[in-house]
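Trainee: Could you take me through the aromatic rings in this model, please? I would like a close look at how they pair up.

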Amino acid sequence: MDTSVSPRAVTGRIDVHPRGFGFLTVQAPGTQEVLSAFIPPFDLNPLLAGDIVTGTVTAGADGRWTASGLTLVERPRTRVYGEVVARKGLFYLRIDREVGNADWVLDPGTTRVQHGDAVVASITDGKLSLLYRIEPGEDRSLERIIARHALSKDFSPESLEDARVAREVPHEVGARRDLRDVPTVTVDAPSTRDIDDAISVLPAGPDGALRLLVSIADVSELVKEGTALDSQARERATSVYMAGRVLPMLPESLSSDWLSLVPGKERRCLTVELRIDPQGRVTAADVYESVIRSWARLNYEEVAAFLDRGEVSAPMEPVRDVMPWFRLAAARLAVARGARGGMEFARDEARFTFDAATGELSGLVNEQPTSAHGMIERFMVAANEAIAMWMLVRGLPGVFRVHEQPDPLRVADLNAFAEHSGFAAGFGRELTPLALTAFDRQIAGAAAEPALRSVLRRSLGPSRYTVKPGPHFGLAAPLYLHFTSPIRRYADLAVHRTLKGYLHGRRDYLDEDPEMEALAVHINARARAANRAEADRHHVLEARWLAGHVGREFSARLVRVRPFGLVAQLDGMLVEGMLPAEGLPGGPFRPDARELSLVGKTRTFTVGMPVKVKVAATDEQLGRVELSLVE
């Protein structure tokens, strides 16, 4: 963005820093450039994070921008978490410092509150009214995150009644294809309760082609459009998985029981049957309603043990004869996918463990993707691609998953990132899926691979839902959508309803339905909120875990530039912390136009750089780990 023009009138979004100041974030129309203008505490007082405002931004002699004259245009937020402050006969709410920097007057209504209580309040015309008080012993950090991102905890009595009625519908075969005698398995983590996908394989015939069956829970059969249950599922749009707490899209009586593909139980499904030839090409796809019975519930570790070493676990015994065919199907799909490029989306993850008796945080485990994760990912990607093409050729509207090819500026960013990380990318002006694969393979096994993948995904940009069909660059897929997880994603449920309507004879679909596009926009917004909530919960637990490691030094890598500092990921721990700009040598600092470097008078820090850091402080309430640079 041209910094020579000052001052200027802008419209942007408020970001709040917990130290009491804020930033007005403005994106230049038609570009990827971002301007971040400092907001002094006094000007921030009547505003909240996420507010859309107009104002004036002015560039100082040091190149940093300051915002003033802010006027509220839109406030998407409808409720806030805070702690009660009693002062001179009035109650105030000390709002979540990630959301606001001031104490606002609170109307408690008829609820008895006292100083220090944690509550959630509604916002109407700039005034706060108490909604509910958080009981002693509840996890305040979780409640803070739930309110911060407008998540829903409870289901209405009407939706729970709909769920009860749904459970009275038996899983009968009827006119469905009966797959109960076909060896079928589910593969998930041991802790998974909402099992919505199962796999079967039919051995290769004389032509060498085998058939892979991916059966998905038929949620649309029980969750009917227009019901209270459907309305709440649509509003949530996705299940939210926070360590120690899951907020399901559907009530647990359905998501973890009546719809879940538990072993030994008949379940109604939508099945996509893929014909995979010896070259790994999916040459035909069929979709139909079915009834299955899972023969075995397997976990990733035991499936990986079979794929890697031929070990057969006890739960695997009923299906041991078909396991080699699963391995062949995965290998064929891997060959075909490797030929077109893209990147692997399975990734290392940090998982916090909790004491079963006390519920207290007990450990941090870094989980690496196994060959079994890769197999299931390939099966689900193949099913999603096949359904997307099946719908397109029939002119059916869908909630497609699109990921644009990076523009030349992003490609330049990736080249710079690779160089600062010690790798040569050589992408040129246009990044191709095969070039992305080559870089993906370069960083595989590197010590800083998790940090590098984190930056790579952020640099490639997010994928999104839309009714306009388009390619998915990261998967190198010409067309893609989500079909395989309707228990936890409303986008998948919407696709199921369109499919079932067509299978039952409906033909009056619009190619691009405006209502479905509005649904896609809503799902995108709720998916972003869920991702941020999951990240915030992770940061809270990071701070809790590292509280016992203050003063310890770590090798790390810079993964993000913020207006007020740098985010570094500790090597081998998948834990992030903040390096405040004011503590860095060579300042003062400001982010560059694309927020890839923090530029100072004598030093520049760039995403991808390795650094040595020390844990300086932790703040569990804010979910913050503060680091200091070790020279």
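Mentor: Happy to; here is a walk through the ring pairs and the charges that sit over rings. This is a predicted model, where local features need pLDDT of at least 70, side-chain atom pairs count only at pLDDT 80 or more, and totals for chains, interfaces and linings use all residues. Residues are numbered from 1 along each chain as its sequence is written, and side-chain values use heavy atoms, with hydrogens and water left out.

Searching the whole structure gives nine aromatic pairs; rings of Phe, Tyr and Trp (its six-membered ring) pair if their centres lie within 6.5 Å, and planes under 30 degrees apart count as stacked, over 60 as edge-to-face and the rest as tilted. One of the pairs is Phe-326 with Phe-379: the planes meet at 45°, so this pair is tilted, with 6.3 Å between the centres. It joins distant parts of the chain, 53 residues apart, with Phe-326 in helix H7 (residues 323-340) and Phe-379 in helix H8 (residues 371-393); helices (H or I, at least four residues) and strands (E, at least two) are DSSP runs, numbered from the N terminus. Phe-326 is buried at 1% relative accessibility, and Phe-379 is buried at 0%, where buried means under 20% relative accessible area, exposed over 50% and partly exposed in between (1.4 Å probe, protein chains only).

Phe-589 and Phe-605 make another tilted pair, 5.8 Å centre to centre with 50° between the planes, and both are buried. Elsewhere, ring pairs link Phe-21, Phe-23, Phe-38 and Phe-564 into a cluster.

Finally, the charged end of Arg-87 sits over the ring of Tyr-92, 4.6 Å from its centre (NZ of Lys or CZ of Arg within 6 Å of the ring centre and within 35 degrees of the ring normal).
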